[in-house]
Amino acid sequence: RKEYVDLYVNYIFNKSVQKPFKDFMQGFLRGCPARNWKMFSPEELQVLLQGHTTFDWHLLEKNAIYEGYEKLDQTIRNFWTVFHKLTEEKKKMFLAFLTGCDRITGYRPERFGFRIRDPRVENPDEFSPCASTCYLILLLPR
């Protein structure tokens with residue numbers, strides 16, 4: 001029985017996926033040569049490709065850059081007060097709204113920042129916040 005189980009497990013986890021994995025690896029290495037990836041440890045490579053899943057939200061606030069606002073403006077203070085009261089899942093949803101991804105990509109999350117810009121619209125009450133995901137800009141009306 002033990003031999004049967006060992007052979008079955010080997011088939012399921014190794015043999016049955018050998019060809020699809022080989023094809024995938026060949027395609028992956030064509031676009032991303034292995035010599036470029038060898039400089040990373042497995043943990044670093046995982047973070048680089050998948051992004052960080054845990055965050056220091058106060059660091060995000062610290063790294064924010066303000067355009068048309070000052071850090072102590074009431075709108076900015078209100079924004080961060082509400083933001084820090086959100087659940088972890090809602091904060092990640094905000095990150096997805098801002099960046100297009102619910103994770104902080106790149107290897108150094110302490111350098112991640114975004115801009116909060118005043119859109120300078122005539123009637124701010126008729127303007128909803130929006131984001132420019134390519135440039136990491138949150139347009140936040142007063």
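**Group meeting: a predicted two-domain chain**

Let me begin with one residue, Gln 26, which sits in helix α2 (residues 18-31); helices here are DSSP runs of H or I with at least four residues, strands are runs of E with at least two, and both are numbered from the N terminus. With a relative accessibility of 48%, Gln 26 counts as partly exposed; buried means under 20% relative accessible area, exposed over 50%, and partly exposed in between, with a 1.4 Å probe and protein chains only. Gln 26 and Thr 99 are 73 residues apart along the chain, and 31 Å separates their C-alpha atoms.

Some conventions must be stated. This is a predicted model, in which local features need pLDDT of at least 70 and side-chain atom pairs count only at pLDDT 80 or more, whereas totals for chains, interfaces and linings use all residues. Residues are numbered from 1 along each chain as its sequence is written, and side-chain values use heavy atoms, with hydrogens and water left out.

As to confidence, the average pLDDT of the protein chain is 89, and 99% of the residues score at least 70; pLDDT is the predictor's confidence in each residue, from 0 to 100. Among the elements, the lowest mean pLDDT, 75, belongs to helix α3 (residues 34-37), and the highest, 97, to strand β2 (residues 115-117).

The protein chain is divided into domain 1 (1-39) and domain 2 (57-139), with bounds taken from an automatic or database domain assignment. Their C-alpha centres lie 41 Å apart.

I turn now to the sheet. How are its strands ordered? The order is β1-β2-β4-β3, four strands in an open sheet with mixed pairing; two strands pair if DSSP finds at least two bridges between them. Because β1 (65-67) and β3 (130-132) stand at the edges with a single partner strand each, one side of each has no neighbour in the sheet. On average, neighbouring strands of this sheet are turned by 25° against each other, direction ignored; axes are lines fitted to C-alpha atoms, for helices over the stretch in contact, and angles run from 0 to 180 degrees between N-to-C directions.

Between β2 and strand β4 (residues 137-139), the pairing is parallel, over three bridges. Helix α6 (residues 74-85) packs on the sheet and touches β1, β2 and β4, its direction making about 130° with that of β2; contact means heavy atoms within 4.5 Å.

Within strand β2 we find Arg 117, which stands opposite Leu 139 in β4. Arg 117 is partly exposed, at 31% relative accessibility. Residues up to four places away in sequence aside, Arg 117 touches Glu 67, Tyr 69, Ile 137, Leu 138, Leu 139 and Leu 140. Thr 54 lies 63 residues from Arg 117 in sequence and 26 Å from it in space, C-alpha to C-alpha.

Next, the backbone. Most residues other than glycine have a negative phi. Arg 120, in the loop between β2 and β3, has a positive phi, near 50°, and is exposed, with a relative accessible area of 63%. Leu 136, in the loop between β3 and β4, has a positive phi near 55° and is partly exposed at 23% relative accessibility.

Finally, where does UniProt place the feature "active site"? The unreviewed entry places this feature at Cys 134; UniProt positions are given in the numbering used here, feature names are shortened, and annotations may be inferred rather than shown by experiment. Cys 134 is in the loop between β3 and β4 and, at 70% relative accessibility, counts as exposed.
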